[in-house]
Every structure is written in C-alpha cells, then in structure tokens.
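The following paragraphs lead through a protein model from its sheets to its cores and then to some local backbone features. Please keep the sequence and the coordinates at hand while reading.

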Amino acid sequence: MPRGDGLLTHELDPADAGPQDACGVFGVWAPGEEVAKLTYFGLYALQHRGQESAGIAVSNGRQILVYKDMGLVSQVFDEATLESLQGEIAIGHARYSTTGASVWQNAQPTFRPTAQGSVALGHNGNLTNTHELVQLLLERTADDPKSAHAETATTDTSVMASLLSSYRDRSVEDAAMEVLPKLRGAFSLVFMDESTLYAARDPQGVRPLVLGRLERGWVVASETAALDIVGASYIREIEPGEFVAIDENGLRTSRFAEAAPKGCIFEYVYLARPDTTINDQRVFSVRERIGRKLARTAPVEADLVIPVPESGTPAAIGYAEESGIPFGHGLVKNAYVGRTFIQPSQTIRQLGIRLKLNPLRDVIAGKRLVVVDDSIVRGNTQRALVRMLREFGAAEIHVRISSPPIKWPCFYGIDFATRAELIATGLSVDEIRRSIGADTLSYVELDDLIEATNVPGDNMCRACFDGVYPIELPDDDLIGKHLLELPANGTEPLKVIQ
C-alpha cells in the first residue's frame with residue numbers, strides 16, 4: 001500500500017488545532033488466541049487517542065514481527081496483514097505525536113535488537129528529561145561499533161527502546177528495572193521481548209493504564225473501553241510507579257518508584273472516551289456532573305441546550321437536567337469526517353466547520369441557545385460555530401465550557417497550542433466572549449471541575465489550567481516536540497544511536 005506522507009489533518013479549522021489526544025497503547029498475552037486481531041480491535045477502541053499512525057508487534061516465542069504505517073488503524077491493517085501476524089504476545093500503538101514529527105520513522109511500536117533477542121515498545125505520554133537520557137545513551141554506546149549509524153527516529157520512545165537494548169549482559173526485564181527509575185515525565189508503556197509482555201506507568205500516573213483478564217490471558221490498555229471491546233474483564237489500574245511482567249509463569253509485579261499520583265484532569269474533560277472508567281469514575285458521569293455545576297454557577301434564561309458533538313454531549317445533558325431547559329440536538333456531526341491524507345482545497349477549506357457540523361435550522365431558528373463545548377483553545381472554531389448558528393436563525397447564543405480557561409501548554413502528552421496562541425492567555429472571559437461573538441460565555445470553575453471527578457485535587461495534574469507543573473521541567477531549549485530534530489545549545493542536532 002502507498003505510504004502516507006504524514007500530512008494528516010482532521011481540524012475544522014487548520015489554524016485552530018484543538019487539544020490533540022495523547023497516544024493509545026494496548027498489549028495482550030494470550031497463547032491460543034488471535035492476538036493480532038485482539039490488538040487491532042483494542043486499538044480501534046483507542047483510535048480517539050491517536051490518529052496519525054498505527055502499529056502492531058507480535059511474538060511467536062522465537063521472533064518479533066512489527067507492522068506499522070501512517071493513517072488510521074482501519075487504514076493500516078487489513079485481514080491479510082493481521083493473518084500474517086501470528087503469535088502469543090502482541091502490543092499495539094495508535095499515535096499522535098508529542099515528541100518527534102508525524103512521519104513513518106516515528107510510528108510505533110519501536111523495535112530494537114538486544115543481546116539476547118529483541119524488544120518492541122509502545123509509549124503513551126511525554127518524557128521531560130529526554131536530553132539527559134540521550135546523553136546517557138551516548139555514553140552507554142560509545143564503544144559500540146554500530147553507534148556510528150544514527151537512526152532516523154526522533155522520539156523519546158526511540159530513546160527508551162535504545163536504552164533498554166543497551167544493557168548487553170541483562171535481560172529486557174532487568175534492563176527495564178535499570179532504565180525506568182531514570183525516566184522523568186509521563187509514560188504509560190507496553191513492551192515485549194520474545195516471551196514476555198511488560199507494562200509500566202510513571203510514578204505520577206499522569207496517563208491512564210489498566211489491566212484486564214481474558215479467559216486464557218491478560219490485557220493491558222490505555223482505557224477500560226479497550227478491555228470491553230475484546231471481552232476482557234477489568235481487574236484494576238496499573239499503579240503509578242508499578243512494573244508488570246506477564247509470561248507463561250503468570251503475572252508478577254514490582255515497583256520501580258514510590259507512587260505520587262498526579263493523574264491528568266484533562267482525561268476527564270476531553271481525552272478519554274465517555275464509556276471509560278478512571279479512578280472508579282465513569283467519565284460520562286463526571287462530564288454530566290460538570291454540566292450540572294455549570295448550570296448552577298452560570299444559569300441563563302434559554303429555550304434549548306445543545307452540545308457541540310460529541311465531547312460536549314454529557315455536560316450538555318447535565319446542564320439541561322439541572323437547569324430544566326430542554327436538551328436537544330441542534331448540530332449534526334458528520335460521523336465519517338476523520339483524518340485524511342488529502343489537503344482540502346481553498347474552496348472546501350472556506351466551508352470550515354461545516355465539513356464536520358451542520359445545524360438543524362428548524363431546531364435552532366428563533367431559539368435562545370445554550371451551547372455546551374469541552375474547551376476553547378484559540379477560539380477560531382467557536383467563533384465560526386457562533387457565526388454559523390446565527391446564520392441559521394439562533395436568537396441568542398450562550399456558550400458554556402466544561403473546563404476552565406486553558407492558559408498553559410502541556411508537557412506530559414497533550415499537544416496544545418503554544419502559550420502565545422492560547423486565547424485565554426491574554427484575554428479576560430468577557431474579551432473572549434466578544435472575540436467569539438457569543439451573547440454570554442462561562443467556564444466551569446477549577447474547584448468545581450475537581451469536585452466533579454471525585455478525586456482529591458492534590459492527586460491530579462491541572463497544569464494546563466493553573467500553570468503548576470507537578471513534574472519538574474528542564475530549560476526551555478531542552479524540551480519540546482522537535483527536541484531531537486533541532487540543534488540544542490548551538491551543538492549538532494541530537495542523535496539517537498541505534
């Protein structure tokens with residue numbers, strides 16, 4: 001099949017990229033099962049977390065085979081490909097880039113030969129000490145004749161995989177116990193050698209990772225929704241700082257760091273599927289509670305509450321039930337608009353938001369609307385939405401946002417706009433309201449959002465809202481999406497050694 005060029009877009013407005021999801025990871029140990037197909041459907045359930053590339057690695061006990069490409073899970077794999085991936089262990093990855101460009105070389109799982117076999121690794125999150133790890137890797141491979149050949153991958157994942165393979169006298173499991181304590185930032189990992197499935201989660205547990213049980217095996221995944229789709233029963237979350245290994249002798253677990261929970265609060269707002277459970281809380285229920293709080297703190301006289309589908313729907317339901325204002329669907333989403341390799345023409349681009357959302361004129365004409373959305377980044381999308389609703393006859397438009405204003409970038413696995421591009425950085429709420437053209441605008445308060453999750457506020461990362469980063473960040477020139485592609489401190493571009 002032709003390889004994609006990585007120029008993927010699914011934005012309503014290419015100049016207003018929304019909060020891009022973290023990646024999705026999946027792993028399965030299940031002798032006698034079609035592990036590649038289980039992984040395919042697991043990734044299918046996690047497609048919302050990464051839509052740039054997809055890949056699966058499978059071991060038959062003797063060797064690991066990796067297949068990956070640019071595009072959606074359904075574009076990368078077909079029946080024949082999955083049939084060729086035979087084995088007992090598999091890991092899969094659906095990627096959105098947070099470190100390293102969106103190109104084939106950076107697709108995952110990442111594969112490395114080791115002294116005793118090989119290792120394949122998939123990563124959800126973003127490391128904050130990649131520069132430090134590269135220097136460690138260069139030191140460890142200085143006497144390796146292969147070190148003259150720099151690889152083309154430019155991701156923190158490739159650094160981790162190379163470190164794991166650099167311990168020539170140790171197994172992958174022993175190497176992991178050396179490497180994992182050295183990692184800083186957000187990482188939920190699935191990886192494997194020829195005989196064992198591994199999983200690990202950073203000490204803060206920023207990104208979700210769960211454990212499930214099959215009748216004849218085990219599953220690890222980013223979200224419980226991926227367990228549901230393959231018929232696995234949910235066992236528990238993998239704990240922050242925990243390392244899990246699964247092989248023919250069963251499941252064993254150890255700890256490489258003490259837990260200091262700081263789970264991402266934005267998972268509840270937007271990233272996770274509404275049917276996923278995090279910290280024993282169904283995400284749909286949390287979003288509904290957020291809507292109820294919005295109705296109490298930001299009431300308005302209106303005729304209809306409508307969501308911006310799909311992420312605004314649970315909060316809109318909660319707002320409607322609490323306020324007593326009828327809930328309705330005033331916007332129809334084109335369910336088949338996803339990422340595409342085709343760049344829209346200027347004529348099509350000018351249609352903007354109508355490529356994805358179309359108003360129902362007879363529902364909204366003459367109505368005072370409460371429009372519920374999950375977040376505002378640059379504001380271009382909301383501005384186009386308000387303008388479109390007015391064109392279709394809305395009498396009043398009251399925008400309600402189920403997250404606080406986003407004022408700070410994320411360095412732990414979500415690709416927001418830069419701080420200078422975030423509309424809430426330099427404008428007050430009323431100035432944002434005027435900018436997007438709404439009659440009123442209200443955000444949920446941070447304390448109300450925290451309360452809606454039923455998780456202690458001290459156990460969550462809220463940095464995108466309050467600027468308090470729970471994991472120390474390096475200097476600005478030693479962090480960022482293209483760290484491994486650009487010169488650092490006037491030196492040559494950083495190279496990861498194969």
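A contact, as the word is used here, means heavy atoms within 4.5 Å. The model is a predicted one, in which local features need pLDDT of at least 70, side-chain atom pairs count only at pLDDT 80 or more, and totals for chains, interfaces and linings use all residues. Residues are numbered from 1 along each chain as its sequence is written, and side-chain values use heavy atoms, with hydrogens and water left out.

A convenient starting point is S222, which is found in the loop between β10 (217-221) and α7 (224-229); helices (H or I, at least four residues) and strands (E, at least two) are DSSP runs, numbered from the N terminus. With a relative accessible area of 1%, S222 is buried, where buried means under 20% relative accessible area, exposed over 50%, and partly exposed in between, for a 1.4 Å probe and protein chains only. Not counting residues up to four places away in sequence, S222 touches C23, G24, V25, L46, R49, N124, P208 and L209. The side chain of S222 reaches the backbone nitrogen of V25 at 2.8 Å, a polar contact in the sense of a pair of N or O atoms within 3.5 Å, of which, within protein, one must be able to donate a hydrogen and the other to accept it, while residues adjacent in sequence count only if both atoms are side-chain atoms. S222 and G42 are 180 residues apart along the chain, yet their C-alpha atoms are separated by 9.5 Å.

From this loop one can turn to an open sheet of 6 strands, whose order is β5-β6-β7-β8-β12-β13 and whose pairing is antiparallel; two strands pair if DSSP finds at least two bridges between them. Its edge strands, each pairing on one side only, are β5 (110-114) and β13 (250-255). From one strand to the next the twist averages 20°, with axes taken as lines fitted to C-alpha atoms, for helices over the stretch in contact, and angles running from 0 to 180 degrees between N-to-C directions. Helix α6 (residues 172-179) packs on this sheet and touches β5, β6 (117-127), β7 (185-192), β8 (197-201), β12 and β13, and its direction makes about 175° with that of β12. Strand β12 (residues 242-247) is joined to β13 by 6 bridges in the antiparallel sense, and within β12 and its partner F243 stands opposite S254 in β13.

Parallel pairing appears around β20 (368-373). There, 4 bridges join β17 to β20, with V372 in β20 as the bridge partner of P307, while 6 bridges join β20 to strand β21 (residues 396-401), again in the parallel sense, with E396 as the partner of R368. Because 5 of its 6 residues are buried, β20 is largely enclosed by the rest of the structure.

In soluble globular proteins, nonpolar side chains tend to be buried together. A nonpolar core is here a set of buried Ala, Val, Leu, Ile, Met, Phe, Trp, Tyr and Cys residues joined through side-chain atoms within 4.5 Å. The largest such core has 43 residues, of which F266, V305, I406, L449 and F465 touch the most other members. Among the elements that give two or more residues to this core are α8 (266-271), α9 (283-297), β20 and α16 (446-453), and α9 gives the most, with 5 residues. Domain 1 (24-270) and domain 2 (282-461) both give residues to this core, so it lies between them; these bounds come from an automatic or database domain assignment. I406 touches, among others, F266, F416, L422 and F465, not counting residues up to four places away in sequence. A second, separate core of 27 residues includes Y40, L82, V210 and L227.

Some backbone details remain. Most residues other than glycine have a negative phi, and most peptide bonds are trans. The peptide bond from Q108 to P109 is cis, with omega near 5°, and P109 has its place in the loop between β4 (89-95) and β5. Another cis bond joins P309 and E310, with omega about 0°, and E310 lies in the loop between β17 (304-307) and α10. D280, although not a glycine, has a positive phi of about 65°; at 64% relative accessibility, D280 counts as exposed. Phi of N454 is near 60°, also positive, and N454, in the loop between α16 and β23, is partly exposed, with a relative accessible area of 48%.
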